[in-house]
Amino acid sequence: MAKKAPKKPVAKTNFDLNTFLDSENIKTEPKDKELTWVPLSKAWHDALKFPGFPRGYVSLVRGFSNTGKSTAFYEAIAGAQKIGDLPVVIETEGNWSWDHAKQVGVEYLEEVDETTGEIVTKPKNFILMRSMDLYQRYKNYDYSDSKMKTKPTRNQPVIEDVARFMTEMIDKQTNGELPYNLCFLWDSIGTLNGYRSATANGQNNQWNAGAMNCFGPLVNFLIPSSRRDDSDYTNTLVCVQKIWLDAMGMGQPVVKHKGGEFMFFNSRIIVHVGGSQSHGTKKLKATALGQEFLYGTEAKIHCVKNHITGIQKNGVIASTPHGYINPAEIDEYKKEHKKFIHEMLNVEYDVEIEYSEEEGTIEDDDSRE
């Protein structure tokens, strides 16, 4: 028996779609705010042809250790302060440096400890949350049943603590307790265990990678929804992540991300610093009276993903104690900071300094994603 063709719906002649959408409070033309950036240094723009990190998006800086990734982290703190956004810094790498932060331009306070007489440096116009701070804040929280207990549930901070802290700050922003645009900066993914690993007193990489799913509400809603024109605030997330190489048998090595691939898939801009097969850096050295000071690291920098402006450019950049420098302008840097370099070498100002580059290869980006 032949099947009858389904009847075509007949539109009501007096039906108006716009009136229906208005009645349902559905916006026909969702509008985002104009694209703006958390600014980094001129050298960053010279190398990549975009000014920093896009506000209202998730961005990732990746690479091997000691390639200059954290310089982007410090520059982003200073850049957010310059435009009036509040940096919310989560530092779980254990390498926070007040000296580097100050030299790059991060605002800070210095107070005298009345007990010891020592000068203590404190954050100014930013929030600093380190590993012990996270642990003290959430050590009694049980993520298996989402309840705060009376005793510690583990002996270390966990991945879930980072997401919970970020979410709490956005909640306080929504409630009017924290009236700022927030720029979250995490250095770095892969430094913490997930709750399941921590409570098992071990480390399971698959469990830890799975724990990163707790960032789902942040990267899929709380951060991107702040770009809407009707949102009072704009919130941004910038993460740092180390990499490793998966040899894939006899094939070309594939870049993998320490702590899992979650943020790689959810970032709109990803910048790779250094080489893809090795560090791929050159060490910039200053020598005087037999003493040596490493004043910079030169590395390739490459935008491997750009879903904002579409530009994916390769360049070269030098990381110094004072931020990024275009390698073509390194002589100007040495002149400007001659006094600083002499102090680091602990020699008199009139002592001649010899500059050199340690042998190294800034390799091509020939690995696969």
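**A walk through two pockets and one loop residue**

In this predicted model, the element that contributes most to the lining of the largest pocket is β15, which supplies five residues. That pocket has a volume of about 760 Å³. Its lining is made up of 31 residues, and if you want to find the centre, look for Asn66, Ser70, Thr71, His100 and Ser319, which lie nearest to it. The elements giving two or more residues to this lining include the helices α3 (69–82), α4 (98–104) and α12 (338–345), along with the strands β10 (182–189), β11 (236–246), β15 (291–306) and β16 (314–320). Sorted by class, the lining of the largest pocket holds 15 polar, nine nonpolar and seven charged residues.

Let's move on to the second largest pocket, which encloses about 310 Å³ of space. Here 19 residues form the lining, with Asn205, His257, Lys258, Gly259 and Gly260 nearest the centre. Both β10 and α8 (205–211) provide at least two residues each, and α8 makes the largest contribution, with four. By class, this lining has ten polar, seven nonpolar and two charged residues.

Finally, have a look at Gln156, in the loop between β9 (147–148) and α6 (159–174). Its side chain makes a polar contact with the side chain of Asn155, at 3.2 Å. Leaving aside residues up to four places away in sequence, Gln156 touches Tyr135, Asn193 and Ala198. Tyr138 is 18 residues from Gln156 in sequence, and the two C-alpha atoms are 9.6 Å apart in space.

Methods
Residues numbered from 1 in each chain as written. Predicted model: local features only at pLDDT ≥ 70, side-chain atom pairs only at ≥ 80, totals over all residues. Heavy atoms only, no water. Contact = heavy atoms within 4.5 Å. Polar contact = N/O pair within 3.5 Å; in protein donor to acceptor, adjacent residues only side chain to side chain. 1 Å grid on protein atoms, 1.4 Å probe; cavity = no way out; pocket = protein on both sides within 12 Å on 5 of 7 lines; lining within 4 Å. Points joined across faces, edges and corners; volume = space filled by probe spheres on them. Nonpolar A, V, L, I, M, F, W, Y, C, P; charged D, E, K, R; others polar.
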